[in-house]
Amino acid sequence: MNQQIISAAAQGAAESANPLVPNVWEMGVVLAGFAVLFYIVVKFVVPMFEKTFAERAEAIEGGIAKAEKAQAEASAALEEYKQQLHDARAEANRIREEARAEGAQILAELKTKAAAESARITEQAYAQIESERQAAVVSLRSEVGTLATTLAERIVGESLSDDERAARVVDRFLADLETQSAGAAK
């Protein structure tokens, strides 16, 4: 009996065991499983992937937009910085030129003041020298007059205590000295 079962199974298996023809029930179960799996993937997994892709695309596009905006702001800031630097250099040059002109003006004023001060000091020195010379002449005249009077008194042998007479004698003596010195200078 076992033998008959085995031979019947072998015979049934030989008839339906063609490896090129698939089993209909197996194909139905596989197709039903595939359809359920396909439905789950299409209904739940693909939308999640699409949502994630959309978020990433938005993030990348937003990042690119932010980067472009930041680049534009940086370019504008750079241009503004360059303009400010140019303006600052121009202002510095203008201030430098004004300082040079002001320095030259101050130097000219100081030279003028120094020349005026020098002329004033020189004039003052000449006036002081002249006043000292006048004082020396008066002092010398007085001393020369006294000496001349004393000498004349000794020579003449009489007293010249009269001021008017003494002044005439001194004037004559000085006039004679001047003529002698003027003659010797020629």
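Is Arg94 buried, partly exposed or exposed, and what is its relative accessible area? In this predicted model, Arg94 is partly exposed, with a relative accessible area of 38%, a value that falls between the 20% limit for buried residues and the 50% limit for exposed ones. The side chain of Arg94 meets that of Glu91 in a salt bridge, with 2.2 Å from N to O, and Glu91 is likewise partly exposed, at a relative accessible area of 36%. Because Arg94 and Glu91 are 3 residues apart in helix H2, about one helical turn separates them. The pair also belongs to a network of salt bridges that links Glu91, Arg94 and Glu98.

The wider setting is helical: the protein has 3 helices and 0 strands, and its pattern along the sequence reads α-α-α. Of its 186 residues, 5% count as buried, while the protein exposes about 16100 Å², of which carbon and sulfur atoms supply 63%.

A search of the whole structure finds 5 salt bridges, including two further pairs in which an arginine meets a glutamate. Arg120 and Glu117 are joined by their side chains at 2.2 Å, N to O, and, being 3 residues apart in helix H2, they are separated by about one helical turn; Arg120 is partly exposed at 41% relative accessibility, and Glu117 is partly exposed at 34%. Arg133 and Glu130 meet in a salt bridge at 2.9 Å, N to O, and both lie in helix H2, 3 residues apart, with Arg133 partly exposed at 43% relative accessibility and Glu130 partly exposed at 34%.

Elsewhere in helix H2, which comprises residues 24–156 and contains Phe44, the picture turns to nonpolar side chains. Val36, Leu37, Tyr39, Ile40, Val41, Phe44, Val45, Val46, Phe49 and Phe53 form a nonpolar surface patch with about 940 Å² of accessible area together. An unreviewed UniProt entry annotates residues 27–46 as a transmembrane region; in the model this span is 100% helix and 0% strand, and its end C-alpha atoms lie 26 Å apart.

The aromatic pairs number 2. The ring centres of Phe34 and Phe38 lie 6.1 Å apart and the ring planes are at 25 degrees, so this pair is stacked; both residues lie in helix H2, 4 residues apart, or about one turn, and Phe34 is exposed, with a relative accessible area of 53%. Phe49 and Phe53 are also stacked, because their ring centres are 6.2 Å apart and their planes are at 20 degrees. These two residues lie 4 residues apart in helix H2, about one turn of the helix, and Phe53 counts as partly exposed at 49% relative accessibility.

How values were computed. Residues numbered from 1 in each chain as written. Predicted model: local features only at pLDDT ≥ 70, side-chain atom pairs only at ≥ 80, totals over all residues. Heavy atoms only, no water. Patch = residues over 30% accessible without salt bridge, like charges linked within 9 Å, V, L, I, M, F, W, Y side chains within 5 Å. Areas by Shrake-Rupley, 256 points an atom, 1.4 Å probe, with all protein chains shown as cover. Salt bridge = Lys/Arg side-chain N within 4 Å of Asp/Glu carboxyl O. Buried < 20%, exposed > 50% of the residue type's maximum accessible area, 1.4 Å probe, protein only. UniProt positions renumbered as here; feature names shortened; annotations may be inferred. Phe/Tyr/Trp six-rings, centres within 6.5 Å; stacked < 30°, edge-to-face > 60°.
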